[in-house]
Amino acid sequence: MSSHPLLLVTGAAGFIGARFVASCKQRGYSVVSVDSLPLFQSRAEHRGIDFGELVDRSALFEWLASRTPTLAGIVHLGACTDTTELDVAYLQSTNLRYSQQLWQYAAERRLPLVYAGSAATYGDGSLGYDDDEALAPQLKPLNPYGQSKLDFDVWALQQEGAGASPPFWSGFKFFNAYGFGERHKGKMASVVLHAFDQIRATGSVRLLKSHRPDIPHGHQKRDFIYVDDVVNGLHFALKKPIRRGIFNLGTGQARTFLDLARGVFHELGRPEAITFIDTPVEIRERYQYFTEARMERFRKEGYQTPFTSLEQGIHLYVQDLLRHARGEQ
């Protein structure tokens, strides 16, 4: 039996989950990885990761009841992250009630809990991107996914007010994360990956047109955060540990999709060739034209590590993709 502290990680077969699990061994943690079991075998970019003990997400609470493991903390990254999912009942079950059960388990067992929120809670950004918790009940997400993540944030704050929270807890509103290990996300993968594939296949990139007269095509902006920075932020929250709170996790600097596409062309040594296509009608009214995390509260907690620039993040990611394409681990 390992003497290393043991973390329970949900969503471990997902993009950020797998990268987090991969980082745990070098930081001295053992891991129990929770997800749908077939996913651990089906994702080629995750081969070689030591996921520790595997537990199917549907059997987690039965496993916890039968094993009563000695945990150092819970990192809850499991969720439906498809922003186009419209099945509200499914999202409420997967993103809200499952999270509530984990919160209650952590509160009862007095375990630290770190969980993944989402910048989708900010909706169209009309109230800004300030992670002041007093603003949470006023936010209006643009889709059911964002609403399900907001519902849990608001519920968590209510539980804290009722004295029913874990001893240490923190939630993180991830902005636009990108990096190696996301190919399984398909259409929901980052534009970095889509650009990489399109440039190699056709020599050009397709970006969405702007449907607002005040924003030129390609000048829609996102706060793009490299996956290693997300992982570092989660580890900081555990190690400090952060006493409590919901925080943004982005870089604090919005960049355009043109910047992103040009970065991928540069890394592949290809001439720029960009075409603009209509934003699909089904998401056009729910499309975010700008996101930028306010990071002051997280910095005040003591997190001073610089964030990876978009150019450096694209460089690292493209090198990983090329290595993987050559069959290298």
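Reader: What share of the 329 residues in the protein chain is buried?
Author: Buried residues make up 52% of the 329. This is a predicted model.

Reader: And the radius of gyration, what does that come to?
Author: The protein chain has 20 Å. A compact globule of 329 residues would have a radius of gyration near 20 Å, so the two agree.

Reader: What box do the C-alpha atoms fill?
Author: Along the principal axes, roughly 55 × 45 × 40 Å.

Reader: How much surface does the chain expose, and what do carbon and sulfur supply?
Author: About 14,800 Å² is exposed, and carbon and sulfur atoms supply 50% of that.

Reader: Charges. How far apart are the mean positions of the positive and negative ones?
Author: They are 2 Å apart, taken over 37 positive and 36 negative charges.

Reader: Secondary structure. How many helices and strands?
Author: The protein chain has eleven helices and 13 strands.

Reader: Of the contacts with a separation of 6 or more, what share is between residues 24 or more positions apart?
Author: Such pairs account for 79% of those contacts.

Reader: Let's do α7. Where is it and how far does it reach?
Author: Helix α7 covers residues 227–239, 13 residues in total. From the first C-alpha to the last it reaches 19 Å, close to the 18 Å expected at 1.5 Å a residue.

Reader: Why call α7 largely enclosed?
Author: Because ten of its 13 residues are buried, α7 is largely enclosed by the rest of the structure.

Reader: Which ones are buried in α7?
Author: V227, D229, V230, V231, G233, L234, H235, F236, A237 and L238.

Reader: What joins K240 and P241?
Author: A cis peptide bond, with omega about -20 degrees. P241 sits in the loop between α7 and β11, the latter being residues 246–249.

Reader: Now α6. What span should it have, and what does it have?
Author: Helix α6 takes in residues 191–202, and its twelve residues should span 16 Å at 1.5 Å a residue. The end C-alpha atoms are 16 Å apart, which agrees.

Reader: Which α6 residues are buried, and what covers them?
Author: V192, L193, A195, F196, Q198 and I199 are buried in α6. The cover includes strands β7 (176–178) and β8 (205–208), along with helices α8 (257–268) and α11 (310–325).

Reader: Why would residues three or four places apart point the same way?
Author: An α-helix has 3.6 residues a turn, so residues at that spacing point the same way.

Reader: What follows α6?
Author: G203, and its phi is positive, near 80 degrees.

Reader: Which residues other than glycine have positive phi?
Author: T68 is one of them, with phi near 40 degrees. R110 is another, with phi near 60 degrees.

Reader: Where are T68 and R110?
Author: T68 is in the loop between α3 (60–67) and β4 (73–76). R110 is in the loop between α4 (88–109) and β5 (113–118).

Reader: T68, buried or exposed?
Author: T68 counts as exposed, because its relative accessibility is 52% and the cut-off for exposed is over 50%.

Reader: Over to A12. Where is it, and is it buried or exposed?
Author: A12 is in the loop between β1 (6–10) and α1 (15–24). At 0% relative accessibility, A12 counts as buried.

Reader: What does A12 touch, beyond residues up to four places away in sequence?
Author: A12 touches G17, A18, V21, S33, V34, D35, F40 and F51. A12 and E53 are 41 residues apart in sequence, and their C-alpha atoms are 11 Å apart in space.

Reader: V21 is on that list. Where does V21 lie, and what is its relative accessibility?
Author: V21 lies in helix α1 and counts as buried at 2% relative accessibility. Leaving aside neighbours within four places in sequence, V21 is in contact with V9, A12, V31, S33, I49, D50 and F51. The C-alpha atoms of V21 and L7 are separated by 9.3 Å, with their positions 14 residues apart along the chain.

Reader: Last one, A156. Where is it, and what does it touch?
Author: A156 is in helix α5, residues 144–161. A156 is buried, with a relative accessible area of 0%. Not counting residues up to four places away in sequence, A156 touches W103 and Y115.

Reader: How far is A156 from C80?
Author: Their C-alpha atoms are separated by 19 Å, and the two are 76 residues apart along the chain.

How values were computed:
Residues are numbered from 1 along each chain as its sequence is written. This is a predicted model: local features need pLDDT of at least 70, side-chain atom pairs count only at pLDDT 80 or more; totals for chains, interfaces and linings use all residues. Side-chain values use heavy atoms; hydrogens and water are left out. Helices (H or I, at least four residues) and strands (E, at least two) are DSSP runs, numbered from the N terminus. The radius of gyration is taken over C-alpha atoms; the globule rule is 2.2 Å times the number of residues to the power 0.38. Buried means under 20% relative accessible area, exposed over 50%, partly exposed in between (1.4 Å probe, protein chains only). Contact means heavy atoms within 4.5 Å. Accessible areas come from the Shrake-Rupley method with a 1.4 Å probe; for residues, only the protein chains shown count as cover. Lys and Arg count as positive and Asp and Glu as negative; His and the chain ends are not counted. The place of a charge is taken as NZ of Lys, CZ of Arg, CG of Asp or CD of Glu. The expected span of a helix is 1.5 Å times one less than its number of residues.
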